[in-house]
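This briefing is meant to be read beside the sequence and the coordinates. It takes up charged pairs, the interior, the surface, the loops and confidence in turn.

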Amino acid sequence: GESMEDPRLAQIDAALKHYLATFNGVVDLEKKRGLTEKVGLKGALRTSIHEVEGRLKKLNNHQMMREMLMLRRREKDYFLRLAPKYVKKFKKEAKGLAQLIANSQLEDGQKKTLIAGLTNYHDKFLAIPVLDAEKEKAYQQMRAAVHKAQPLIEGFVKDVAAESKAHADFLGNVLVAAVLIGIFLALVSGFLSYRKVRPVGQLAL
């Protein structure tokens, strides 16, 4: 026979599947960014920072360490506020530190190692704002999916509730009618039995 399934169920199913896909996309991006300081891009950034700071501390160069501290401040400002202006400031500070290293009296090998570490730190940090922009788009898609699914679900539930109430009222009426019919049939049956037995009784008298 033909399916009696409400066509809205297919719309709700599609909307929920779309929401689930957007939700999973957000989760994947959060994992990629790093759910803790030790994993994902945040973990890679942390490792690169320790590498650069460790090398600078060994040199005991106070000017370079001050520049590194400024760089770390820009990084932390970004994580606190997620504002693009701190990314620009970070780039500027990183460029200044690289120039300071290049113009220093360090051996070429040391310069090369420091600048390579700084570049690694620079690149690891800049990967995070790029991912954050992608994540923001994913959140917007997820919110849009929720807004699309919500009225479908609410409308369906409201209609089903109304139909269920009407159905319950109908069943109640049917039950009352069934009871009344049952009583009526019992009375009719008793009356007919009485009609059959009565003449016999009358004869027995």
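**Salt bridges and overall fold**

Glu136 and Arg143 are joined by a salt bridge in which the closest N and O atoms lie 3.3 Å apart. Neither partner counts as buried or as exposed, because both fall in the partly exposed range, Glu136 with a relative accessible area of 39% and Arg143 with 38%. The model is predicted, and its protein chain contains 5 helices and 0 strands, following the pattern α-α-α-α-α when read along the sequence.

**Charged pairs and their network**

- The count of salt bridges comes to 11, and those that share partners link Glu30, Arg33, Asp132 and Lys135 into one network.
- Within that network, Asp132 pairs with Lys135 through a salt bridge whose closest N and O atoms are 3.9 Å apart; the two residues both lie in helix 5, 3 residues apart, which is about one turn of the helix.
- Asp132 and Lys135 are both buried, and for Lys135 the relative accessibility is 13%.
- Apart from its neighbours within four places in sequence, Lys135 is in contact with Leu29, Glu30 and Arg33.
- A further salt bridge joins the side chains of Arg81 and Asp77, at 3.3 Å from N to O, and here too the partners share a helix, both lying in helix 3, 4 residues apart, about one turn of the helix.
- The burial of these two partners is described by separate values: Arg81 counts as partly exposed at 48% relative accessibility, whereas Asp77 is buried, with a relative accessible area of 15%.

**Nonpolar core**

- The largest nonpolar core has 29 residues, and Leu56, Met68, Leu71, Leu97 and Tyr121 are those with the most contacts inside it.
- At least two residues of this core are supplied by each of helix 1 (7–33), helix 2 (40–59), helix 3 (62–81), helix 4 (84–102) and helix 5 (108–204), and the largest share, 9 residues, comes from helix 5.
- Leu71 touches Phe90, Glu93, Ala94, Leu97, Leu118 and Tyr121 when residues up to four places away in sequence are not counted; of these, Leu97 and Tyr121 are also listed with Leu71 among the residues with the most contacts inside the core.
- Over the protein chain of 205 residues, buried residues make up 25%.
- Among contacts between residues at least 6 apart in sequence, 68% join residues at least 24 apart.

**A buried lysine in helix 5**

- Lys111 has its place in helix 5 and is buried, with a relative accessible area of 15%.
- Leaving aside neighbours within four places in sequence, Lys111 is in contact with Ile101, Ala102, Ser104 and Leu106.
- Lys111 and Leu100 are 11 residues apart in sequence, and their C-alpha atoms are 9.9 Å apart in space.

**Surface**

- The accessible surface of the protein chain comes to about 14500 Å², and 60% of it belongs to carbon and sulfur atoms.
- A nonpolar patch on the surface is formed by Leu16, Ile153 and Val157, which together have about 220 Å² of accessible area.
- Leu16, a member of this patch, lies in helix 1 and is partly exposed, with a relative accessible area of 39%.

**Loop residues with positive phi**

- Asn60, in the loop between helix 2 and helix 3, has a positive phi of about 60° although it is not a glycine, and at 54% relative accessibility Asn60 counts as exposed.
- Leu82, in the loop between helix 3 and helix 4, is likewise a residue other than glycine with a positive phi, near 55°, and Leu82 counts as partly exposed at 47% relative accessibility.

**Confidence**

- The protein chain averages a pLDDT of 82, and 77% of the residues score at least 70.
- Confidence is highest in helix 4, at a mean of 96, and lowest in helix 5, at 73.
- Over residues 187–205 the pLDDT is below 50, and this stretch has 1 contact in the model beyond near neighbours in sequence.

How values were computed:
Residues numbered from 1 in each chain as written. Predicted model: local features only at pLDDT ≥ 70, side-chain atom pairs only at ≥ 80, totals over all residues. Heavy atoms only, no water. Core = buried A, V, L, I, M, F, W, Y, C linked by side-chain atoms within 4.5 Å. Buried < 20%, exposed > 50% of the residue type's maximum accessible area, 1.4 Å probe, protein only. Contact = heavy atoms within 4.5 Å. Patch = residues over 30% accessible without salt bridge, like charges linked within 9 Å, V, L, I, M, F, W, Y side chains within 5 Å. Areas by Shrake-Rupley, 256 points an atom, 1.4 Å probe, with all protein chains shown as cover. Salt bridge = Lys/Arg side-chain N within 4 Å of Asp/Glu carboxyl O. pLDDT = per-residue confidence, 0-100.
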